[in-house]
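Dear colleague,

Please find the structure below, together with the notes I made while going through it. I would be glad if you could read them with the model open beside you.

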Amino acid sequence: MGAYDFFYTAFGHVILTICLIFRYATSKGYWTDPYVQYFVRSLGERKAPEINRGYYACVGGMNHLDAFLRKTVCNCQIVKLGAGLDTTFWRLKVLPRKYIEVDFPMIKHTCSYIVVYLFRTKPPLLKPLIETYSTDSLLLNGHSLDSDRHCIIGADLRDIPGLDDKLKKFHLNPKLPTLFLSECVLVYMTPDQSSKQVNWASDTFHTAMFVNYEQVNMMDRFGQVMIENLQRRQCNLAGVGVCQSLESQKERFLKTVWENVDALDMVTVYSVIPQDDVANGTSSPPTLSICWATKDKFKQVHMGLSQVAF
Ligand SMILES: C[S@@+](CC[C@H](N)C(=O)[O-])C[C@H]1O[C@@H](n2cnc3c(N)ncnc32)[C@H](O)[C@@H]1O
């Protein structure tokens, strides 16, 4: 498969669609992302305000990331699961010790090419990276990109031993506080597979936080339409059973050794995050939620990760 053929796969199509939404929403001032224009040039068609607001709430809701960096004084790792084509690393104002993106090998194969291509050809992208990449610490092979701070890894999240093995090879340290971020990813796995994923994260890492942004209220009419639309594009939501309610979202974490678990729907998140004039207005779709869980002990001292919330 060629580097760009993945855009014609079901996941490639979804990833490109999300990129286009980000590109459009940032062009309308919902939030600032000076980097997404390098990932996707076209503005695409006009997007419905509810869609822009949904992603605006997601970006605002994911501010756990900044809070986690502050709480750990950047002495931490961030693992973005099912990252797709993602600009988060570039948007960070301060960097963790390690920032790792994981997605299917084929997806990350393409993303690595795109990132390295952009890295070489787009000076504005190069500038913020220059301190983190040095040419000799940048290593690229078929499925991965490795540097001191930023790694892009190809792995199937359902294959826990394989994932664990790869993360070890990229020097992820189980003793360092670690934040796992997943945005609309676990829903593509069966409930059993995603439970194993969150279980592995809490078993392996001494101090950790898991933030999961994904569908909720999927039994409603709105949710059913979303399922049908995705099925038409060969995207099967195998984990939709966990996306029935905030309770079912929390339950996935409560079944394992995560200590503090909470969840909010995006309508609530949207009402509490700061809003500028453009984003102000009606609400975001009721079909999305954010669920977070912490496990908190660093060198026998509690870090207060449970305070990293809304
Ligand atoms: C809907 S896209 C979301 C992409 C990105 N998180 C975002 O919000 O823009 C789902 C992503 O999860 C990835 N994914 C789904 N199942 C996966 C698995 N078993 N292993 C690795 N990646 C997976 C897909 O390749 C895709 O990039």
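The chain holds 12 helices and 9 strands, where helices (H or I, at least four residues) and strands (E, at least two) are DSSP runs numbered from the N terminus. This is a predicted model, in which local features need pLDDT of at least 70 and side-chain atom pairs count only at pLDDT 80 or more, while totals for chains, interfaces and linings use all residues. Residues are numbered from 1 along each chain as its sequence is written.

Of the 310 residues, 40% count as buried; a residue is buried if 20 or more other C-beta atoms lie within 10 Å of its own, exposed if 12 or fewer, and partly exposed in between, with C-beta atoms placed from the backbone. Among contacts with a separation of 6 or more, 70% join residues 24 or more positions apart, a contact being two residues whose C-beta atoms, placed from the backbone, lie within 7 Å.

The largest nonpolar core has 70 residues, and Val102, Phe180, Met209, Phe210 and Ile290 have the most contacts inside it; such a core is a set of buried Ala, Val, Leu, Ile, Met, Phe, Trp, Tyr and Cys residues joined through C-beta atoms within 7 Å. Leaving aside residues up to four places away in sequence, Phe180 touches Val79, Leu81, Ala201, Ala208 and Phe210.

Two of the strands deserve a closer look. In strand E9 (residues 288-295), 8 of the 8 residues are buried, with Leu288, Ile290, Trp292 and Thr294 on one side and Ser289, Cys291, Ala293 and Lys295 on the other. E9 pairs in the antiparallel sense with strand E7 (residues 208-215) over 8 bridges, and with strand E8 (residues 260-265), again antiparallel, over 6 bridges; strands pair if DSSP finds at least two bridges between them. On the E7 pairing, Gln215 stands opposite Leu288, whereas Leu264 has Ile290 as its bridge partner in E9.

Strand E5 (residues 150-154) is largely enclosed by the rest of the structure, because 5 of its 5 residues are buried. His150, Ile152 and Gly154 point one way from E5, and Cys151 and Ile153 the other way. Strand E2 (residues 98-103) pairs with E5 in the parallel sense over 5 bridges, and Val102 has Ile153 as its bridge partner there.

As for the ligand, 18 residues surround it, of which Phe11, Gly82, Gly84, Leu157 and Glu183 come nearest; a residue is near if its C-beta atom, placed from the backbone, lies within 6 Å. Helix H1 (residues 10-27) contributes the largest share of this shell, 4 residues. The buried residues of H1 are Ile15, Ile21, Phe22, Tyr24, Ala25 and Thr26, and just after H1, Gly29 takes a positive phi of about 85 degrees.

By contrast with E9 and E5, helix H10 (residues 221-232) is hardly covered, with 1 buried residue among its 12. Just after H10, Gln234 takes a positive phi of about 65 degrees.

Finally, Val267 lies in helix H12 (residues 266-272) and counts as partly exposed because it has 18 C-beta neighbours inside 10 Å. The C-alpha atoms of Val267 and Gly54 are separated by 8.6 Å, although the two are 213 residues apart along the chain.

With best wishes
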